[in-house]
Amino acid sequence: MESHEEKLHKLVLQSKINETKDVMKRKASEIDKSKIEKNRGEKGGFMSLQSMGSGRIESTFNDMSISSSGGGGFGSGSGFGLTTDIDSFSTKSKGRPSSSATAPPKGLGMQLAKTQRANQFLESLKAEGEVILEDVHPKAGPTRSAAPPLTDPITLSAEERLNVTLKRDGGVSNFDVQGTLSLQILNQEDGLIQVQIETGSNPGILFKTHPNINKELFSNENILGLKDPNRPFPTGQGGDAAGVGLLKWRMQSVDESDVPLTINCWPSVSGNETYVSIEYEASSMFDLRNVVISVPLPALREAPNVRQIDGEWRYDSRNSILEWSILLIDNSNRSGSMEFVVPPADSSVFFPISVRFTAAKTFSDLKVVNVLPLRGGPSPKFSQRTTLITENYQVV
């Protein structure tokens, strides 16, 4: 069965279509009369106008169908509708109608303006006590920003990707960290080098060097160098933007103490409302940045009632998701909570909870100690970038 919102959505769209039909027919009729007057006595004038007139416009509208999934809500019309250039009829040469007179321009799709009648229709529904939710496009979620351009001759980037699945009642279903150390060199003369690193004391980290790296040199001295010392590392930023991979590592665990951020969600029904309390607790090992905790909600007619929150919140009505955002989690706010109220709902509706964040520290705690030139001379200038990002982090 269709929901009340879907039915209302269809009624509004049909109202827009009917009104646009009437306007188009009236305009076409007026244009036909005007053309007949101007072209009276010319051969084919009347027939060409008939082929361009209301019959084609009518068939265009009859071919249109209404889809509740295409409109996305009231008041928008994005992704659905029609544009027909009425004025183009009067600018075409006599007896040679262009196909663009009745066909919408390529790439523009179909559009319907929000008309006065539609506004009056919505207002009348509101006056009868109906709740009308205007369509609001969700804000784009935070995306991973592009890496800043390289300025130093040599840049080494240590990146870890975190995949975690936590149980809603406590415990870890999956914990997987995969890291890479990559090298980017701007100038060819800096390619004959070796990289000396220092790894942390985490015994769960397993390292694996690139096949062209001297494994014995790495095992004995923690130095990353090519098997052939006379061969330089590739240079330039073309091709792989991440640079040349030198080292990979992986860590897996079932210990909840290794998890940088845990989430507890407690839904409880009381009368005609569901009270949901959520709290986070962060490890002191990491300072987390741009934290977003996304909680799925049941289908709502209006935004949830957020009664208390440590941070900011945003309701994505299109996907029915409540996003809890904390710009930075450090020693000043290792724990925090949020409480909101929605209509009665089963506790399973609020799962899985998705989490995303970044950090400037990694589980491997890998550091570049020095870059050693093989031809002698001073060490070239280098910089290191370290990033921990979430790839898939959920509470199920």
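1. A residue is called buried when its relative accessible area is under 20%, exposed when that area is over 50%, and partly exposed in between. The structure discussed here is a predicted model. With the cut-offs in hand, the ring of Phe-207 is a useful first case: because its residue has a relative accessibility of 29%, Phe-207 counts as partly exposed. Phe-218, in contrast, is buried, because its relative accessible area is 11%.

2. The protein chain has 396 residues, of which 38% count as buried. It contains seven helices and 16 strands. The surface it exposes comes to about 22,200 Å², and carbon and sulfur atoms supply 49% of that area. Among contacts with a separation of 6 or more, 76% are between residues that stand 24 or more positions apart.

3. The next topic is the aromatic rings. The count of aromatic pairs comes to seven. One of them joins Phe-207 and Phe-218: the ring centres lie 6.5 Å apart, the planes make an angle of 65°, and the pair is edge-to-face. Phe-207 belongs to strand 4 (residues 206–209) and Phe-218 to helix 7 (residues 215–221), so that the pair links parts of the chain eleven residues apart.

4. What is the arrangement of the rings of Tyr-280 and Trp-324? Their centres are 5.5 Å apart and their planes meet at 55°, so the pair is tilted. Tyr-280 lies in strand 8 (residues 273–282) and Trp-324 in strand 12 (residues 321–329); the pair therefore ties together parts that are 44 residues apart in sequence. Both residues are on the buried side of the cut-off: Tyr-280 has a relative accessible area of 2%, and Trp-324 has a relative accessibility of 0%.

5. Two further ring arrangements deserve mention. Phe-175, Phe-286 and Phe-363 are linked into a cluster by ring pairs. Elsewhere, the ring of Phe-351 has the charged end of Arg-168 over it, 4.1 Å from the ring centre.

6. One sheet is built from nine strands. The sheet is open, its strand order is 4-6-2-1-16-14-9-12-11, and the pairing is mixed. Strand 4 and strand 11 are at the edges; each has a single partner strand, so one side of each is left without a neighbour in the sheet. From one strand to the next, the twist averages 15°. Within this order, strand 1 (residues 154–166) and strand 16 (residues 382–395) run parallel and are joined by 13 bridges. Opposite Arg-161 stands Ile-389, a residue of strand 16.

7. A second open sheet has three strands, in the order 5-3-15, with antiparallel pairing. Its edge strands are strand 5 (223–224) and strand 15 (367–373), each of which pairs on one side only. Strand 3 (residues 193–198) is joined to strand 15 by six bridges, and the two run antiparallel. As an example of this pairing, Val-195 has Val-371 in strand 15 as its bridge partner.

8. Strand 7 (residues 261–270) pairs with strand 8 over ten bridges in the antiparallel sense. Cys-265 stands opposite Ile-278 of strand 8. The two strands form a hairpin with two residues between them, and there Gly-271 takes a positive phi near 65°.

9. Is Gly-179, a residue of strand 2 (residues 172–185), buried or exposed? Gly-179 is buried, because its relative accessible area is 3% and the cut-off for that class is under 20%. Leaving out residues up to four places away in sequence, Gly-179 touches Glu-159, Glu-160, Leu-247, Lys-248 and Trp-249. Between Gly-179 and Ile-205, which are 26 residues apart in sequence, the distance from C-alpha to C-alpha is 9.7 Å.

10. A loop residue provides the last case. Ser-320 is found between strand 11 (312–316) and strand 12, in the loop that joins them. Ser-320 is nevertheless buried, with a relative accessible area of 11%. When neighbours within four places in sequence are set aside, its contacts are Val-295, Pro-296, Leu-297, Pro-298, Ala-299, Leu-300 and Tyr-315.

Notes. Residues are numbered from 1 along each chain as its sequence is written. This is a predicted model: local features need pLDDT of at least 70, side-chain atom pairs count only at pLDDT 80 or more; totals for chains, interfaces and linings use all residues. Side-chain values use heavy atoms; hydrogens and water are left out. Rings of Phe, Tyr and Trp (its six-membered ring) pair if their centres lie within 6.5 Å; planes under 30 degrees apart count as stacked, over 60 as edge-to-face and the rest as tilted. Helices (H or I, at least four residues) and strands (E, at least two) are DSSP runs, numbered from the N terminus. Buried means under 20% relative accessible area, exposed over 50%, partly exposed in between (1.4 Å probe, protein chains only). A charge sits over a ring if NZ of Lys or CZ of Arg is within 6 Å of the ring centre and within 35 degrees of the ring normal. Contact means heavy atoms within 4.5 Å. Accessible areas come from the Shrake-Rupley method with a 1.4 Å probe; for residues, only the protein chains shown count as cover. Two strands pair if DSSP finds at least two bridges between them. Axes are lines fitted to C-alpha atoms, for helices over the stretch in contact, and angles run from 0 to 180 degrees between N-to-C directions.
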